[in-house]
Amino acid sequence: MALRSQSPTHTEAWKNLKNCFDKDKDTSILSFFNMEKDRVGSLSIEMDNLYFDFSKNRFSQQSFDQLIGLARELNLDDAIDKYFSGDNINQTEERAVLHTALRSGKDEAKVNDQSIYPLVRDTLNNIRSFSNAIYNGERTGYTGRAITDVVNIGIGGSDLGPQMVVESLQFYSQNVTSHFISNVDGDLIASKLEKLNPETTLFIVVSKSFTTQETLMNANSARNWFLEHSSLEHLKKHFVAVSANKEKVKEFGIETFFPMWDWVGGRFSLWSAAGLSISCAIGMDNYEELLTGACKVDEHFRTAEYSKNVPVVLALIGIWYNNFFEAETEAIIPYTQYLQKLAPYLQQASMESNGKSIDRTGKRVDYQTGSIVWGEPGTNAQHAFFQLMHQGTKLIPSDFIGFTKPLYKNKAHHDILMANFFAQTEALMKGKTREQAYRELEEQGFPADKIEQLVSHKVFEGDNPSNTLLFEELTPNTLGMLIAIYEHKIFVQGVIWNIFSFDQWGVELGKELANTILSDFKGKGAAHDDSTQTLINRYMNISF
């Protein structure tokens, strides 16, 4: 059955939200704290070892209640049921969306009335056997030496997800060094390969179709490099594939093969065999803890009441700022360097999913959809773009992600890190008045004329909203929770915006034109605009 189609702007809840916005928009966050008893208790959620505080936002309790009403009026419950049961909610590609089934451990999801549980179970068992053999040194290279380096070759979800997880969980890494190659830039792969030993390197080629241009170009370059040092008969020891196209994998010369399924979207594929590089890096036990953490959030998402449902609340807050305050971006700021790839990963997951202007009926929407997602770890971010957040002209809602325990138990460092974490959310909300700035300058001994010159520059308007997600420790389990929270946030926003979140037709046009221009390089000569043709000519006049 199809997801229901209804424009959010035609609901009663949307009209009520517009009235609430007109009432709330000029009220400060601090004023809401003064007016609402136990605001923190009402606007926070505890789930397992996660504490989620969303009280530092520019809405009243009444507005929040209306946001919850919007989710109810748009039948979010029905959409969630279809999401988990295997309905073809990716309607433009006629596919189910069941990455959640890869981590559930339950025999409940079906595709075409067939249980997918045996496929998932068998694949996990094969991943365990393979990664254990790498970890134990049982799977060796062609000279009998243990594998020391694992190179993941993919692009998009076949790269961003696994790379983000491996880098985030490097504290738990095992006996191999991980590398990721995605960009078709030849300089990148050349610089990677020259540092590797073909006797001890394993390549994992990840491509659902096994026709993706960038991935195949990089895979062929790796294959040629390997054959310069060895022979074709040894290829099988050093190349494995994750794909849905078994025939193309065989043509390439790869024997060890892990399946992908069309009911798992690329940007959510780290939970599938595309996560093979993760299990090789951190071990299968830790990989399964990642799955368990995500499964925990799946159950929370399916069962928790909306006002205490972390992904639902995050999604509704995003709707509030995007569609009523007309904020165009949202910042993801984790206070751990290990999560430096989280923002780019969520950027793809969110912007590729909800960057749509056509609704489910095929009509152009008359409201804003997907936000621009960006970010950087703190405290580095404080010395980069926080100036814009504190004193710029943009409204930038932000998510602060932190952990109460450091992995290496260095309390002195962690105290400074977390002091900055808490201070920034407070500073963004409170700001600094002209009176406060004036008094501080007086106390510092500045003369009156200098104070008048400086005081305006020392004012912070405040009222910059933030959410705080505070976990106990960065573990495979908590990372799985964090990723799943944002996945479900993306889904909820797609439901409310009445768009299809799980296709990606916008990726295709550039690919088509790139293939045309490649033909031009070979003398075929297609017609282009003057600017593009001039650029092509300049490139073709350069001799290699």
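What follows is a chat about a sheet and some helices in a predicted model.

Student: Before we start, what are the ground rules for this model?

Tutor: It's a predicted model, where local features need pLDDT of at least 70, side-chain atom pairs count only at pLDDT 80 or more, and totals for chains, interfaces and linings use all residues. Residues are numbered from 1 along each chain as its sequence is written, and side-chain values use heavy atoms, with hydrogens and water left out.

Student: OK, the sheet. What's the strand order?

Tutor: The order is 1-2-13-12-10-11, an open sheet of 6 strands with mixed pairing. Strands here are DSSP runs (E, at least two residues), helices are DSSP runs too (H or I, at least four residues), and both are numbered from the N terminus. Two strands pair if DSSP finds at least two bridges between them.

Student: Which strands stand at the edges?

Tutor: Strand 1 (44-47) and strand 11 do, each with a single partner strand, so one side of each is left without a neighbour in the sheet. The twist averages 15° from one strand to the next.

Student: Let's zoom in on strand 13. How many of its residues are buried?

Tutor: 6 of the 6 residues, 466-471, are buried, so strand 13 is largely enclosed by the rest of the structure. Buried means under 20% relative accessible area, exposed means over 50%, and partly exposed is in between (1.4 Å probe, protein chains only). Both faces are covered, with Ser466, Thr468 and Leu470 on one side and Asn467, Leu469 and Phe471 on the other.

Student: And does strand 2 run parallel or antiparallel to strand 13?

Tutor: Antiparallel, with 3 bridges joining strand 2 (residues 50-53) to strand 13. Asp53 stands opposite Thr468 there.

Student: What about strand 12, parallel or antiparallel?

Tutor: Strand 12 (residues 398-403) pairs with strand 13 in the parallel sense over 6 bridges, and Gly402 stands opposite Leu470.

Student: How many residues of strand 10 are buried?

Tutor: In strand 10 (residues 329-334), 5 of the 6 residues are buried. Strand 10 pairs with strand 11 (residues 372-375) in the parallel sense over 4 bridges, where Glu330 stands opposite Val373.

Student: Switching to helices. Which strands does helix 13 lie across?

Tutor: Strand 1, strand 2, strand 12 and strand 13, and helix 13 runs at about 25° to strand 2. Axes are lines fitted to C-alpha atoms, for helices over the stretch in contact, and angles run from 0 to 180 degrees between N-to-C directions.

Student: Val310 is in that helix, right at residues 310-323. Is it buried or exposed?

Tutor: Buried, with a relative accessible area of 0%. Leaving aside neighbours within four places in sequence, Val310 is in contact (heavy atoms within 4.5 Å) with Ile45, Leu50, Phe52, His300 and Ile485.

Student: At what angle do helix 4 and helix 13 pack?

Tutor: About 110°, with the axes of helix 4 (residues 61-73) and helix 13 lying 10 Å apart. That makes helix 4 roughly perpendicular to helix 13, on a scale where under 35 degrees is roughly parallel, over 145 roughly antiparallel, 65 to 115 roughly perpendicular and the rest oblique.

Student: Which residues make that contact?

Tutor: Helix 4 brings Ser63, Phe64, Leu67, Ile68, Leu70 and Ala71, and helix 13 brings Val313, Leu316, Ile319 and Trp320.

Student: Last one: how do helix 5 and helix 19 pack?

Tutor: Helix 5 (residues 76-85) and helix 19 (residues 476-497) pack at about 125°, with their axes 10 Å apart. They are therefore oblique to each other.
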